[in-house]
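Visitor: Could you take one part of this model and look at it closely with me, explaining what lies around it and how its residues are arranged?

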Amino acid sequence: MSGRRAHMGMSVTISAAAEQDAEQIFRLQYLCFQSEAALYGNYRIDPLVQTLDSVREEVAADCVFVARLGDEVVGSVRGRITEDGAAAIGKLCVHPRLQGHGIGARLLRAAETALADERGARTFRLHAGHRSESNLRLYNKVGYQRVGTSQGADGVPMVVLEKKAEAYATTA
């Protein structure tokens with residue numbers, strides 16, 4: 001498996017999600033967020049209790065990108081413009097067997113670009129669980145800075161991170 005994995009990461013493509021991807025996104029999200037739930041001992045976190053219909057609605061209305069390996073959806077991310085005009089990016093997930101190949105960073109970049117270009121976002125905002133070290137490391141690496149904390153509806157303490165859209169343009 002490991003020998004195959006190295007080149008598999010190379011052929012992953014990133015594209016906007018289509019309506020028919022909703023079911024695979026739903027299943028992938030459920031798989032990916034198990035480890036996050038275990039980290040907090042909380043299996044009611046939003047990505048695990050979200051319904052398939054709700055995922056379908058997000059795919060239709062929001063900026064949703066997927067990473068594909070052949071026909072399989074192996075990663076996904078959601079973004080939307082919030083009331084204050086910032087772009088909220090969330091539910092970033094990459095299949096456990098393909099983590100560590102930069103797919104998460106590519107998904108983030110695709111979402112940021114689309115949110116800035118198509119929806120006029122000036123600021124990107126992310127929430128990460130306070131114990132989710134690998135996520136926090138990734139977000140810091142791609143230019144996000146910690147701006148505060150918040151409490152998720154599920155009771156998990158979250159770190160709020162932001163990045164200005166202009167900063168993205170200069171580092172691209």
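Guide: Let us begin with helix H6 (133–141), whose buried residues are covered by elements that include E4, H5, E5 and E7; here helices (H or I, at least four residues) and strands (E, at least two) are DSSP runs numbered from the N terminus, and a covering element is one in contact, with heavy atoms within 4.5 Å. The model is a predicted one, in which local features need pLDDT of at least 70 and side-chain atom pairs count only at pLDDT 80 or more, while totals for chains, interfaces and linings use all residues. Residues are numbered from 1 along each chain as its sequence is written, and side-chain values use heavy atoms, with hydrogens and water left out.

Within H6, the buried residues are Leu136, Leu138 and Tyr139, where buried means under 20% relative accessible area, exposed over 50%, and partly exposed in between, with a 1.4 Å probe and protein chains only. These three cover an arc of only 160° around the axis, so they lie on the same side of H6; the arc is taken from the directions from the helix axis to the C-beta atoms. The face of H6 turned away from that buried side carries Glu133, Arg137 and Lys141, which are exposed.

Tyr139 deserves a slower look, since its relative accessible area is 5%, which means that Tyr139 is buried. Searching the whole structure turns up one aromatic pair, and the rings of Tyr139 and Tyr144 form that pair, with centres 6.1 Å apart and planes at 65°, so it is edge-to-face. (Rings of Phe, Tyr and Trp, the last by its six-membered ring, pair if their centres lie within 6.5 Å; planes under 30 degrees apart are stacked, over 60 edge-to-face, and the rest tilted.) Tyr144 has a relative accessible area of 2%, so Tyr144 is buried too. Just after H6 comes Gly143, which takes a positive phi of about 100°.

Tyr139 also leads to the largest nonpolar core, which has 32 residues and in which Phe124 and Tyr139 have the most contacts; such a core is a set of buried Ala, Val, Leu, Ile, Met, Phe, Trp, Tyr and Cys residues joined through side-chain atoms within 4.5 Å. Two or more residues of this core come from each of strands E2 (63–69), E3 (72–81), E4 (87–94), E5 (123–129) and E7 (157–164), and from helices H5 (103–119) and H6. H5 gives the largest share, nine residues. There is also a second, separate core of 18 residues, with Ala17, Ala22, Leu48 and Val59 among them.

Val59 takes us to helix H4 (residues 52–61), for comparison with H6, because in H4 the residues Val55, Glu58 and Val59 are buried and, seen down the axis, fall within an arc of 100°, so they line one face of the helix. On the other side of H4, Glu57 and Ala60 are exposed, while the cover over its buried residues includes H2, E2, E3 and E4.

Strand E4, which is named in the cover of H6 as well as in that of H4, holds Lys91. At 16% relative accessibility, Lys91 counts as buried, and its phi is near 50°, a positive value in a residue other than glycine. Most residues other than glycine have a negative phi. Lys91 is one of the contacts of Gln29, which, leaving aside neighbours within four places in sequence, also touches Pro47, Leu48, Gln50, Val55, Arg78 and Cys93. Gln29 belongs to helix H2 and, at 0% relative accessibility, counts as buried.
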